[in-house]
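Colleague: Could you take me closely through one part of this model, the second largest pocket, and then set it against the strands and helices of the fold?

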Amino acid sequence: MNKEQLGPMSGYRILDLTVMTAGPVGTVLLADLGADVIKVEEPKAGDLSRNLGNQFVEGESVQFLSQNRNKRSIRLDLKSPHGREAFLRMTEEADVVVENFRPGTVERLGIGYDAVKARNPKIVYASVSAFGQSGPYAAWPANDPIVQAVAGLMDMTGEAGGNPVRLGAPLPDFGAAALLAFGVSAALLHRERHGEGQRIDTSLLSAALFSTIPRDGETLRSGKAPERLGSGHPTMVPYRNYQGSDGRYFFTACFTEKFWQNLCRALGKEELLSDERFIGNTARTANRHALDLILEQAFLLHTADYWVARLSAADVPCAMVQDYHTALTQDPQIAYNNTVVRIDHPLAGQVTNIASPVNFHGTPVAYKRPPPTLGQHTAEVLAEFGFSDEEIAGLEGRELASAGVKP
């Protein structure tokens with residue numbers, strides 16, 4: 001196999017116990033880079049996301065299909081003695097175990113870090129949870145929006161004077177996924193250099209709070225929580241959505257004096273540059289309402305498309321506010337970046353996924369496997385780990401029968 005066919009993580013085996021979003025997206029990042037990610041699923045229903053939402057293609061959940069490519073799936077009943085022992089036996093030849101159960105669950109099942117480390121001292125054991133492995137909230141049932149509420153993200157989002165608003169995408173989930181993949185990669189690098197495995201963990205809460213930088217400095221220094229400003233910015237003005245004469249919105253961001261000056265000239269309003277209310281960002285922030293009124297009236301003279309073209313030509317950061325479907329299907333830059341990839345699935349036909357966000361020019365990402373059907377690779381994977389035909393038949397028969405599932 002030549003270098004172009006090997007990803008940066010090729011050769012590493014990852015036993016993936018994760019469900020829902022943060023864990024599976026973290027492991028798909030690693031799978032895209034060539035890691036052999038083996039999704040260990042509960043025999044009857046598998047990953048919880050297999051049955052979530054209201055969009056299914058030939059019985060396959062769109063949510064599951066979006067975040068589990070390049071993986072193999074095995075059915076294993078970790079609550080049974082035989083399933084637990086089979087898993088621990090597999091960890092002897094694995095490099096990484098990843099789990100995102102509620103803290104304490106893997107210990108109760110007998111497959112926690114200590115149990116795995118006893119079989120494989122060099123294992124990297126990674127956990128991702130909502131709030132962390134310990135503490136007053138650790139045992140709470142939670143998901144992304146619950147964390148948004150706790151972290152303050154929901155409170156700072158929404159229109160001025162309006163109610164708190166959930167973010168339109170599960171960003172804490174994806175922040176935790178990225179940190180999980182980063183942590184696993186760094187831990188493997190440490191093992192390569194020093195021969196030591198270790199346990200690592202991250203949380204949606206930690207990822208959410210990390211993503212608020214630099215709001216943390218502003219908040220702790222002022223002693224006040226950020227106000228809800230809609231699309232506006234607490235410390236930069238102008239920096240928000242504006243509406244053109246056609247009712248469409250565009251966003252412009254003058255985060256330097258250069259961009260502010262370019263905006264004034266593009267609008268033909270050079271007089272604003274000498275208006276004491278607007279000289280310097282601190283003054284503009286203090287007088288944001290007066291400035292916004294002037295800009296809103298000016299922008300209503302032409303369409304949003306007109307302003308995006310004019311301001312872009314004048315070197316002012318701006319863009320149309322487009323809906324998500326338009327972004328995925330019509331935006332020329334997103335198309336040029338090959339952001340949407342198509343993968344053939346044995347049941348759902350051709351499915352679309354968002355591509356890996358990192359381009360490796362020497363070892364490019366390859367989309368070799370569609371999201372697996374439940375248990376699709378059980379016999380194949382167990383055989384690779386040295387299980388005999390009789391042992392495989394016993395596991396598939398005894399464990400699946402106890403769960404009411406036919407092998």
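Modeller: In this predicted model, the second largest pocket is lined by 32 residues, and those that lie nearest its centre are Glu 227, Leu 229, His 233, Pro 234 and Arg 288. Four elements give two or more residues to this lining, namely helix H9 (215-222), strand E9 (239-243), helix H11 (281-286) and helix H12 (288-299). Of the contributors, H9 gives the most, with five residues. The volume of the second largest pocket is about 750 Å³, and its lining, taken by class, is made up of eleven nonpolar, ten polar and eleven charged residues.

Strand E9, one of the elements that give two or more residues to that lining, leads to a small set of antiparallel pairings. E9 is joined by five bridges to strand E10 (residues 249-253), and the two run antiparallel, with Gln 243 standing opposite Tyr 249 in E10. Together E9 and E10 form a hairpin that has five residues between the strands, and in its turn Gly 247 has a positive phi of about 85°. On from there, E10 is joined by three bridges to strand E11 (residues 318-320), again in the antiparallel sense, and here Thr 252 stands opposite Cys 318 in E11.

The parallel pairing is found in another part of the model, where an open sheet of six strands has the order E5-E2-E1-E6-E7-E8. Strand E5 (71-75) and strand E8 (198-203) are the edge strands, each of them pairing on one side only, and the twist from one strand to the next averages 20°. Within this sheet, strand E1 (residues 13-16) and strand E6 (residues 96-99) pair in the parallel sense over three bridges, and the bridge partner of Ile 14 in E6 is Val 96. Helix H3 (residues 81-91) packs on the sheet and touches E1, strand E2 (36-41), E5 and E6, its direction making about 155° with that of E1. Helix H7 (residues 171-194) also packs on the sheet, touching E6, strand E7 (124-129) and E8, and its direction makes about 165° with that of E8.

To return to your pocket, the elements to display with it are H9, E9, H11 and H12, each of which gives two or more residues to the lining, together with E10, the partner of E9 in the hairpin.

Methods
Residues are numbered from 1 along each chain as its sequence is written. This is a predicted model: local features need pLDDT of at least 70, side-chain atom pairs count only at pLDDT 80 or more; totals for chains, interfaces and linings use all residues. Side-chain values use heavy atoms; hydrogens and water are left out. On a 1 Å grid over the protein atoms alone, a cavity is a set of points where a 1.4 Å probe fits but cannot get out, and a pocket is an open set with protein on both sides within 12 Å along at least five of seven lines; lining residues have an atom within 4 Å of a point. Grid points are joined across faces, edges and corners, and a volume is the space filled by probe spheres set on the points. Ala, Val, Leu, Ile, Met, Phe, Trp, Tyr, Cys and Pro count as nonpolar, Asp, Glu, Lys and Arg as charged, and the others, Gly among them, as polar. Two strands pair if DSSP finds at least two bridges between them. Axes are lines fitted to C-alpha atoms, for helices over the stretch in contact, and angles run from 0 to 180 degrees between N-to-C directions. Contact means heavy atoms within 4.5 Å.
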